[in-house]
Amino acid sequence: MNKQLRKAVIAGNWKMNKTPAQATQLINEIKPLVKDAGCDVVVCVPYIDLQAALAATVGTNVKVGAENCHWEPSGAFTGEISAEMLRSMGVTYVIIGHSERRTYFGDTDLTVKKRLRAAIDNGLTAILCVGEYLEQREQGITAEVIRTQTKIALGGISEKELEKVIIAYEPVWAIGTGKTATAEQANEVNKAIRDLICELYGKAAADKITVQYGGSMNAGNAQELLAQPDVDGGLIGGASLKSADFAAIVAAASK
Ligand code: PGA
């Protein structure tokens, strides 16, 4: 992390976990543990938990995000939730293009781009996820995959709009598997993302953008990952469901 240049952000990704009552309980546990955080703290929760999460975080430093959004403002899209709907209820963050959405629910680079556009148009801060499959890493094409995913998603996003974009590098083979990328592997790709931003938007934008790492980040390995110069925070799955673990990661990012 280079806190002089950019913001460190620790975001929980709860995935399909917690009822509204459980969400309130977990947030009530997290709040006192992170109240003095020296980084931004976000919890991204299932749609049905958003209302409870917003109510439980009023007046605190914990921000609330959704895990996805549709690109149209409204219409015949059964089961979907729009960025406009999220904004209307006071949500401020949204995860876009998580690998589970890409793998299980048909999200493509082009739909990710449309979702990102909608998030930005509605004033949300987007956590744009990119990452390679194990086969792609083994084939030696990680850099190309990450560049393509990032470049397509950011198509049409201006330098000003980029201020509302966080990029999360999440190697798919490290998500929920307990296999973390080494600190060097994480930094290498995060740096490649920053270099791409420099190419597309210039050095000032590249210095400013928050690039997280995600994939089995936990209380034990967070410090080493976050010590890397280009790892500006984390997107945390499993460990974000335990208040003490999540708080320990926030503490590691606060140093
Ligand atoms: P994990 O998930 O921390 O459980 O690996 C990270 C993510 O999917 O964002």
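How many residues surround the ligand, and which are the closest? The shell holds 13 residues, counting a residue as near if one of its heavy atoms lies within 4 Å of the molecule. The closest are Lys 15, His 98, Glu 170, Gly 176 and Ser 216. The model is predicted: local features need pLDDT of at least 70, side-chain atom pairs count only at pLDDT 80 or more, and totals for chains, interfaces and linings use all residues. Residues are numbered from 1 along each chain as its sequence is written, and side-chain values use heavy atoms, with hydrogens and water left out.

Polar contacts to the ligand were examined next. A polar contact is a pair of N or O atoms within 3.5 Å; within protein, one must be able to donate a hydrogen and the other to accept it, and residues adjacent in sequence count only if both atoms are side-chain atoms. His 98 places a polar side-chain atom 2.6 Å from a ligand oxygen. For Glu 170, a side-chain N or O atom is 2.7 Å from an oxygen atom of the ligand. Ser 216 uses a backbone N or O atom, also 2.7 Å from a ligand oxygen. On its own the ligand has 280 Å² of accessible area, and the protein covers 95% of this. Accessible areas come from the Shrake-Rupley method with a 1.4 Å probe; for residues, only the protein chains shown count as cover. By residue type, the shell divides into four nonpolar, seven polar and two charged. Here Ala, Val, Leu, Ile, Met, Phe, Trp, Tyr, Cys and Pro count as nonpolar, Asp, Glu, Lys and Arg as charged, and the others, Gly among them, as polar.

Ser 216 also stands out in its backbone. Its phi is near 55 degrees, a positive value in a residue other than glycine. Most residues other than glycine have a negative phi. Ser 216 lies in the loop between strand 7 (211-214) and helix 11 (222-226). Helices (H or I, at least four residues) and strands (E, at least two) are DSSP runs, numbered from the N terminus. Ser 216 is buried, at 16% relative accessible area. Buried means under 20%, exposed over 50%, and partly exposed in between (1.4 Å probe, protein chains only). Lys 18, not a glycine either, has a positive phi of about 85 degrees. This lysine sits in the loop between strand 1 (9-13) and helix 1 (20-34). Lys 18 is partly exposed, at 31% relative accessibility.

His 70 occupies the loop between strand 3 (62-66) and helix 3 (83-89). The residue is buried, with a relative accessible area of 6%. Its side chain reaches the backbone nitrogen of Glu 72 at 3.0 Å. Beyond four places in sequence, His 70 has contacts (heavy atoms within 4.5 Å) that include Phe 77, Glu 80, Arg 115 and Ala 118.

Asp 40 belongs to strand 2 (residues 40-44). Asp 40 is buried, at 15% relative accessibility. Setting aside residues up to four places away, it touches Lys 7, Ala 8, Val 9, Ile 10, Lys 63 and Tyr 93. The C-alpha atoms of Asp 40 and Cys 129 are separated by 18 Å, with the two positions 89 residues apart along the chain counted as their separation.

The cysteines were then checked for disulfides (a pair of cysteine sulfur atoms within 2.5 Å). The count is zero. The sulfur of Cys 44 has its closest cysteine sulfur in Cys 129, at 8.9 Å, so the two are too far apart for a bond. Cys 44 is buried, with a relative accessible area of 0%. Cys 198 is partly exposed, at 33%.
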